[in-house]
Amino acid sequence: METRKISVGKHQIQLLDAGQGSTVLLVHGFPLDHSMWRFQVNELAEHYRVLCPDLPGYGSSSHVVESLSLADLADILAEMLTVLGVAGSVTYCGLSMGGYIGWQFVHRYPDRVSHLIACDTRAANDSETVSRARRVAAATVRQTGSSPVADAMILKLFCPHSISTRPEIVEQTHAVIAQTDPATIANGQLAMSDRPDATKWLEQINVPSLFVVGQEDEITPPSEMRQNAELIANAEFLEITDAGHMAPLENPAIFNREILEFLRRTTVVS
Ligand code: MLT
């Protein structure tokens, strides 16, 4: 799948841009890159224009020295759409940290969102304990580098079935994390620990919304996502079997079928 670099403000964003039609923006989780959507791109691109960026600092996008908040990242995504000439609204689909950025995006740019797909994410901010652990992790990664982060995270991202039957997705994800710049990981942890509670924004969301979560997600449990979905009028909630936190990678057949059907039944044809 071909990617290219585009300039967005002072950032060089690595972007996969495939297909034609209304736009679906896929935003990766932490500390990953656009390749986590590789099983979605071709199927979605048969019907839509699919934009899959590496967020600044991640993947092959330019290195970032300063700390970017999740609101900053939402602003950069909005600017990226402008640079690409995407007018009007898009389907915003984000996983975990990509979902946290999604709450910011829909709050700051409501007119830019036609559909919201929240994957394996949560609206609440961190407890003080989690926030403190993130600050410790941010300091530690600057000393140890990213490989120990990959070792520590990898088994939490996937369900046991994926770990035993799909070693290639586990290994590839491990490699992406291990190659991520420690400064980006540190900044990402600090940005997530500072994020606001987005629960209060949910009831203002008035676009078709789908919440998708791996049935065995231990990082963002299905019960919490279901409660988030209940705060948005007519939002749909779906658990994906044989999947943990990385549902789009772990069970792409069901994930793709469900999001394509969601987009079909909630799109008004003019
Ligand atoms: C992610 O997958 O983006 C992370 O698990 C988010 C987090 O650390 O809260």
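This short talk covers the surroundings of the ligand and then the cysteines. Please keep in mind throughout that what we are looking at is a predicted model.

Let me begin with the ligand. The space that the ligand takes up is the largest pocket, and the residues around the ligand are Gly 29, Phe 30, Ser 96, Met 97, Tyr 100, Arg 134, Met 192, Ile 219 and His 245. If we sort the residues of this shell by character, five are nonpolar, three are polar and one is charged.

Which atoms of Ser 96, Met 97 and His 245 lie at short range from an oxygen atom of the ligand? For Ser 96, a polar side-chain atom lies 3.0 Å from a ligand oxygen, while for Met 97 the atom in question belongs to the backbone, an N or O at 2.9 Å from an oxygen atom of the ligand. In His 245, an N or O atom of the side chain is 2.8 Å from an oxygen atom of the ligand. As for how far the ligand is enclosed, on its own it has 270 Å² of accessible area, and the protein covers 92% of that.

Now I turn to the cysteines. A disulfide is a covalent bond between the sulfur atoms of two cysteines, and the count of disulfides here comes to zero. Why is Cys 52 without such a bond? The closest cysteine sulfur to that of Cys 52 is in Cys 93, and because the two are 9.0 Å apart, they are too far from each other for a bond. Cys 93 is likewise in no disulfide, and its nearest cysteine sulfur, that of Cys 119, is 3.8 Å away, whereas the cut-off for a disulfide is within 2.5 Å.

Are Cys 52 and Cys 93 buried or exposed? Cys 52 has 0% relative accessibility and therefore counts as buried, and Cys 93, at 1% relative accessibility, counts as buried too.

Note on methods. Residues are numbered from 1 along each chain as its sequence is written. This is a predicted model: local features need pLDDT of at least 70, side-chain atom pairs count only at pLDDT 80 or more; totals for chains, interfaces and linings use all residues. Side-chain values use heavy atoms; hydrogens and water are left out. A residue is near a molecule or strand if one of its heavy atoms lies within 4 Å of it. A polar contact is a pair of N or O atoms within 3.5 Å; within protein, one must be able to donate a hydrogen and the other to accept it, and residues adjacent in sequence count only if both atoms are side-chain atoms. Accessible areas come from the Shrake-Rupley method with a 1.4 Å probe; for residues, only the protein chains shown count as cover. On a 1 Å grid over the protein atoms alone, a cavity is a set of points where a 1.4 Å probe fits but cannot get out, and a pocket is an open set with protein on both sides within 12 Å along at least five of seven lines; lining residues have an atom within 4 Å of a point. A molecule sits in a cavity or pocket if more than half of its atoms lie within 2 Å of its grid points. Ala, Val, Leu, Ile, Met, Phe, Trp, Tyr, Cys and Pro count as nonpolar, Asp, Glu, Lys and Arg as charged, and the others, Gly among them, as polar. Buried means under 20% relative accessible area, exposed over 50%, partly exposed in between (1.4 Å probe, protein chains only).
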